[in-house]
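Student: I have a model open and want to test the labels put on it. Can we take them one at a time?

Tutor: Yes. Ask what earns each label.

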Amino acid sequence: MLKRKNHRMTRQRAVILEVLKKVKTHPGADEIFEMARKRLPRISLGTVYRNLEVLSELREIQKFEHIGTLKRFDGTPESHYHVRCVKCGRLDDVPFEIEANLEKKVTPHTNYSIIGHRLEFIGFCPECAKSPLNKMLIKQNYNPQFERISNGKQKTGRSRSFVPRMRTCV
Ligand SMILES: [Zn+2]
Ligand SMILES: [Zn+2]
């Protein structure tokens, strides 16, 4: 009985991994659930959640978490850079070579044992960039992240070169 259950778990996990690896969109759990369901009609959303957590712990996939946005998953475990839309949360890969020496450069500036780095660019995706309001924000060099940092725990000041002129309700 236990063996059968384990086997089923493995099969479910394999299907989740497979459907995730097929797409480049960095989907959320709900979307992965919809894709997996076509192959395994009896799979539950909870099972998908659990397996995604396990797979990211096993480093088979990557997990992205941002305050106030959907948790997203990436079927490519190897390091690569991303660009994220600040309006709709869309996340895409950036085909740009990884900065191999960045860890070494950063190490003297921290007491952490650095094991890697993640770099994310932010902006407006092609769809969101079309709206007149967003066009205006882009012109104004709008950056919601600076606002979040300045209101939160990080107060670097030095690296903050831009003071936002617009307030957002995210
Ligand atoms: Zn967008
Ligand atoms: Zn990616």
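Tutor: This is a predicted model. Start with strand 3 and strand 4, which form a hairpin with 5 residues between them. Gly-89 sits in that turn, with a positive phi of about 85°.

Student: What makes strand 3 and strand 4 a pair?

Tutor: Pairing takes at least two bridges between two strands. Strand 3 and strand 4 have 4 bridges, in the antiparallel sense. They therefore qualify as a pair. Within that pairing, Tyr-81 stands opposite Val-94 in strand 4.

Student: In which sense do strand 3 and strand 5 pair, and over how many bridges?

Tutor: Strand 3 (residues 81–85) pairs with strand 5 in the parallel sense, over 4 bridges. Again the requirement is at least two, so strand 3 and strand 5 count as paired. Two positions show the register. Val-83 has Phe-121 as its bridge partner in strand 5. Arg-84 stands opposite Ile-122.

Student: Why is the pairing in this sheet called mixed?

Tutor: Strands of a sheet pair through backbone hydrogen bonds, either parallel or antiparallel. Here strand 3 pairs with strand 4 in the antiparallel sense and with strand 5 in the parallel sense. The open sheet of 3 strands, in the order 4-3-5, therefore has mixed pairing.

Student: Which are the edge strands?

Tutor: Strand 4 (91–94) and strand 5 (120–123) are the edges, as each pairs on one side only. From one strand to the next, the twist averages 30°.

Student: Is Ile-122 in strand 5 buried or exposed, and how do you know?

Tutor: Exposed means 12 or fewer other C-beta atoms within 10 Å. Ile-122 has 12 such neighbours, so it counts as exposed. Its C-alpha atom is 8.4 Å from that of His-82, a residue 40 places away along the chain.

Student: Now the helices. Why is helix 2 called roughly perpendicular to helix 3?

Tutor: Two packed helices are described by the angle between their axes and the distance between the axes. Helix 2 (residues 29–39) and helix 3 (residues 45–57) pack at about 115°, with their axes 9 Å apart. The class roughly perpendicular covers 65 to 115 degrees. Helix 2 is therefore roughly perpendicular to helix 3. The crossing of helix 2 and helix 3 is right-handed.

Student: Which residues meet where helix 2 packs on helix 3?

Tutor: From helix 2 come Ala-29, Ile-32, Phe-33 and Ala-36. They meet Leu-45, Val-48, Tyr-49 and Leu-52 in helix 3. The residues of this contact divide into 8 nonpolar, no polar and no charged.

Student: Where is His-26, and what makes it buried?

Tutor: His-26 lies in the loop between helix 1 (2–22) and helix 2. Burial takes 20 or more other C-beta atoms within 10 Å. His-26 has 23, so it is buried. The backbone of His-26 has a positive phi of about 55°, although the residue is not a glycine.

Student: How does Arg-59 score, buried or exposed?

Tutor: The limit for exposed is 12 or fewer. Arg-59 has 9 C-beta neighbours inside 10 Å, so it counts as exposed. Arg-59 is placed in the loop between helix 3 and strand 1 (62–64). Its phi is near 60°, a positive value in a residue other than glycine.

Student: Why is Lys-71 given the class between buried and exposed?

Tutor: Lys-71 has 15 other C-beta atoms within 10 Å. Buried needs 20 or more, and exposed needs 12 or fewer. Lys-71 meets neither limit, so it is partly exposed. Lys-71 lies in the loop between strand 1 and strand 2 (72–74).

Student: What does Lys-71 contact, beyond its neighbours within four places in sequence?

Tutor: Lys-71 contacts Gly-28, Ala-29, Lys-63, Phe-64 and Glu-65. Lys-71 and Gly-28 are 43 residues apart along the chain, yet their C-alpha atoms are separated by 5.7 Å.

Student: How do the totals for the protein read?

Tutor: The protein has 6 helices and 5 strands. Their pattern along the sequence is α-α-α-β-β-β-β-α-β-α-α. Of its 170 residues, 14% count as buried. Among contacts with a separation of 6 or more, 47% join residues 24 or more positions apart.

Notes. Residues numbered from 1 in each chain as written. Chains lettered and ligands numbered in written order. Predicted model: local features only at pLDDT ≥ 70, side-chain atom pairs only at ≥ 80, totals over all residues. Axes fitted to C-alpha atoms, helices over the stretch in contact; angles between N-to-C directions. Helix = DSSP H or I, 4+ residues; strand = E, 2+ residues; numbered from the N terminus. Parallel < 35°, antiparallel > 145°, perpendicular 65-115°, else oblique. Left-handed = near helix turned anticlockwise from the far one by under 90°. Contact = placed C-beta atoms within 7 Å. Nonpolar A, V, L, I, M, F, W, Y, C, P; charged D, E, K, R; others polar.
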